[in-house]
Amino acid sequence: MDYPIIVEKDGIKIKPEEMTVDKMYHCIYDRKVYIFYKDEENLTHCYEVDDPLVVQEIVNNPDNLEDILLKHSEEQ
């Protein structure tokens, strides 16, 4: 299966039909991290991370996305 989030020069394209329920997907666009997931009701949710330190940490360690988000959510 291809990754359901595609970044192009004109923006982000999402293929929700290819997303797994309750799995986070992310991409980097315009120096921000966008996080998407589809819930049990097949609604697609999107969150934007624009803190430069958090974005850079995610860029450096994309496999640790959930841990990075959790760490920074606890700091606030």
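How are H1 and H2 oriented to each other, roughly parallel or roughly antiparallel? The section on the helix pair takes this up.

## Model and confidence

This is a predicted model. Mean pLDDT for the chain is 93. Of its residues, 97% reach 70 or more. Confidence peaks in strand E1, residues 5-8, at 97. It is lowest in helix H2, residues 65-75, where the mean is 89.

## The sheet

Three strands make an open sheet. Their order is E3-E4-E5, and the pairing is antiparallel. Strand E3 (25-29) and strand E5 (44-49) are the edge strands. Each of these two pairs on one side only. On average, neighbouring strands in this sheet are turned by 20° against each other, direction ignored.

## Strand pairing and turns

Start with E3 and E4. Strand E4 covers residues 32-38 and runs antiparallel to E3, with 5 bridges joining the two. Cys27 has Tyr34 in E4 as its bridge partner. His26 is partnered by Ile35, also in E4. The hairpin of E3 and E4 has 2 residues between the strands. Asp30 in this hairpin takes a positive phi near 55°.

Next, E4 and E5. These strands pair in the antiparallel sense over 6 bridges. Lys38 stands opposite Thr44 in E5. E4 and E5 form a hairpin, with 5 residues between them. In the turn, Asn42 has a positive phi of about 65°.

## Helix on sheet

Helix H1 spans residues 52-60 and packs on the sheet. Which strands does H1 touch? The contacts reach E3, E4 and E5. The direction of H1 makes about 70° with that of E4.

## The helix pair

H1 also meets H2. The axes of these two helices come within 9 Å and cross at roughly 160°. An angle over 145 degrees counts as roughly antiparallel. H1 and H2 are therefore roughly antiparallel to each other. The crossing of H1 past H2 is right-handed.

Which residues of H1 make the contact with H2? They are Val54, Glu57 and Ile58. On the H2 side, the partners are Leu65, Ile68, Leu69, Lys71 and His72. By class, this contact has 5 nonpolar, 1 polar and 2 charged residues. Keep in mind that H2 is also where confidence in the chain is lowest, at a mean of 89.

Definitions and conventions: Residues are numbered from 1 along each chain as its sequence is written. This is a predicted model: local features need pLDDT of at least 70, side-chain atom pairs count only at pLDDT 80 or more; totals for chains, interfaces and linings use all residues. Side-chain values use heavy atoms; hydrogens and water are left out. Two strands pair if DSSP finds at least two bridges between them. Helices (H or I, at least four residues) and strands (E, at least two) are DSSP runs, numbered from the N terminus. Axes are lines fitted to C-alpha atoms, for helices over the stretch in contact, and angles run from 0 to 180 degrees between N-to-C directions. Contact means heavy atoms within 4.5 Å. pLDDT is the predictor's confidence in each residue, from 0 to 100. Angles under 35 degrees count as roughly parallel, over 145 as roughly antiparallel, 65 to 115 as roughly perpendicular and the rest as oblique. A crossing is left-handed if the near helix is turned anticlockwise from the far one by less than a right angle, and right-handed if clockwise. Ala, Val, Leu, Ile, Met, Phe, Trp, Tyr, Cys and Pro count as nonpolar, Asp, Glu, Lys and Arg as charged, and the others, Gly among them, as polar.
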